[in-house]
Amino acid sequence: MAFFRNFRIHAHGVHVLLTLYNGIIVFLLAFFMGITQKKINLSMSAGSFLQQVPVLPVPADERLAYALAAFGVLAGCGYIYSNAGRLPWPLRYAVFVLEMSLCIFLMHILNLAYDGVVLLLIADLMYCYQGRHQMIVMLLAMAVVYFVISYNVSLWQMKVVPFEVYAGYYNHEVQSMLLPLKNLLTYGNITIFVIYMVVLIQDKRRENEEIAGLNRQLLSANNKLNESNLQLNISNAKLNAANKKLKEYAMTIASLTEIKERNRLAREIHDTLGHALTGIVAGLDACMVTLEIAPKETREQLGLLRETAQHGMVDVRRSMHMLRPDDLEKLSLQEALEKLARDFSRTAGVQVEIKFDKFPAQFREDEADVIYRIVQEGMTNASRHGHASHVGISLVGNGSSLEIVIADNGIGCQKVKKGFGLHHMQERLELLGGTLRFWSEKGFVLEICIPLNREWKQSEV
């Protein structure tokens, strides 16, 4: 069973065996003819021998040397041609032509006593057979070989010394052994050639089966890869949908938290300020009654009302202070805006690019609060309503005012309507005397101008 596991190696081995076998036959024939000629010369029967042949035979030593040299070159050409896949086609055919010429020369030097080297030539050609086109080339080459050899055989038929003439020098018993031995060697060559062809065909078939198996495996792997890619695309789509919902939930939670905090602070202001104002109104009503009747008591009552108003102002300041962002308490406005942009970019998944130019170093608290809330609201609207992936924010100071531009690459809208966010933003700006412009063009753009009504030191960033 091991003989059939690797047909390529065994085909090469049979080819080597075929080459060695032909080399042995060439050597034996050349040696036999040379020895016979020497015996004829020693036996003083050269005259009678020459009368039986049409031409003068090649000297014995020269015949053996020519035969061995020609076959050595032929074997070398066979080795080159067996590796012809590495050679360009012109050189490959040149080697084949040389090999064919050597076959003809060997047949001539052996007096047409042996033509088995032609099978060696065909074996070399078959070893390189690949595909339909090479099959056509091989058939044409074999036809040329047959024609050339047949032509030369017919041309030299009357100009060589037949093997039978050499065999006729020996007695009948030796002749009866020589001719069958020659035929046996010829049949052995044919047998090895047939074995070689069978093994070579099996080798080619096994190679085709292996290639077909590799193609099936490759096709199966491609199908599995396509299925994996499809599953990956489906998973990515689900993941994107989940991320989108998560962003919406995060924005909703943030909005609800902000509303809840506003309501809590509104209740607290209502309770503290309402209580104080109610007491002040009631006290003032009493003072209006007692103003002329009891001026001293009225004055005392007004003092109490003043203390109540002061307590109310403290409560209002405390409540308003709770509305101020914590970052503005710890950081400068520029640092707070940069942190706001970074945090929003991480939580909302929106790329935020914020730039400062001649940005003032100091602001009043109310100015800083309004700027902070406007930038915050602009980014929120860009993500929530515009579904933007990029927001560009520019803050430029010119000495007397601050220009803010917030532009996104969202879906925009054909007809802009003021919602709660824009109304709230405009109300904040009106407290500072600022203006708001907005339009939609390849996204949404906010343009804010805030006058700076106090002296401040500016530093370019």
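Visitor: How do I read the accessibility of Glu-209 here, and what is its relative accessible area?

Guide: Glu-209 comes out at 39%, so call it partly exposed. The scale is simple: under 20% relative accessible area is buried, over 50% is exposed, and partly exposed is in between (1.4 Å probe, protein chains only). Before we go on, this is a predicted model, with residues numbered from 1 along each chain as its sequence is written, and side-chain values use heavy atoms, without hydrogens and water. Local features need pLDDT of at least 70, and side-chain atom pairs count only at pLDDT 80 or more, while totals for chains, interfaces and linings use all residues.

Visitor: Which residue forms a salt bridge with Glu-209?

Guide: The general idea is that side chains of opposite charge can pair when their charged atoms come close. Here a salt bridge is a side-chain nitrogen of Lys or Arg within 4 Å of a carboxyl oxygen of Asp or Glu, and the rule gives eight of them. For Glu-209 the partner is Arg-205, with 2.9 Å between the closest N and O atoms. Arg-205, at 40% relative accessibility, is partly exposed.

Visitor: Why are Glu-209 and Arg-205 separated by about one helical turn?

Guide: Because they are four residues apart in helix α8 (residues 172–290). Helices (H or I, at least four residues) and strands (E, at least two) are DSSP runs, numbered from the N terminus.

Visitor: Where in the chain do Arg-437 and Glu-447 sit?

Guide: First the contact: their side chains meet in a salt bridge, 2.3 Å from N to O. The pair links distant parts of the chain, 10 residues apart, with Arg-437 in strand β4 (residues 435–440) and Glu-447 in strand β5 (residues 444–451). Arg-437 has 45% relative accessible area and is partly exposed; Glu-447 is partly exposed too, at 26%. Back in the helix, bridges with shared partners join Arg-205, Arg-206 and Glu-209 into one network.

Visitor: Now rings. How many aromatic pairs does a search of the whole structure find?

Guide: Rings of Phe, Tyr and Trp (its six-membered ring) pair if their centres lie within 6.5 Å; planes under 30 degrees apart are stacked, over 60 edge-to-face, and the rest tilted. The search finds eight pairs. One of them, Phe-32 with Phe-163, is tilted, at 5.3 Å centre to centre and 40° between the planes. Phe-32 is in helix α1 (residues 7–42) and Phe-163 in helix α7 (residues 163–167), so this pair ties together parts 131 residues apart in sequence. Both rings are buried: Phe-32 at 15% and Phe-163 at 5%. For a stacked case, take Phe-438 and Phe-444, at 6.2 Å and 20°.

Visitor: What sits over the ring of Phe-163?

Guide: The charged end of Lys-182, 5.7 Å from the ring centre. The test asks for NZ of Lys or CZ of Arg within 6 Å of the ring centre and within 35 degrees of the ring normal. Phe-163 also joins Phe-32, Tyr-169 and Tyr-170 in one aromatic cluster.

Visitor: Which residues touch the most other members of the largest nonpolar core?

Guide: In soluble globular proteins, nonpolar side chains tend to be buried together. A nonpolar core is a set of buried Ala, Val, Leu, Ile, Met, Phe, Trp, Tyr and Cys residues joined through side-chain atoms within 4.5 Å. In the largest, of 51 residues, the answer is Leu-74, Leu-106 and Val-117. Helix α1 gives the largest share, 11 residues. Another core, of 39 residues, lies apart from it and includes Leu-328, Ile-354, Phe-444 and Ile-448.
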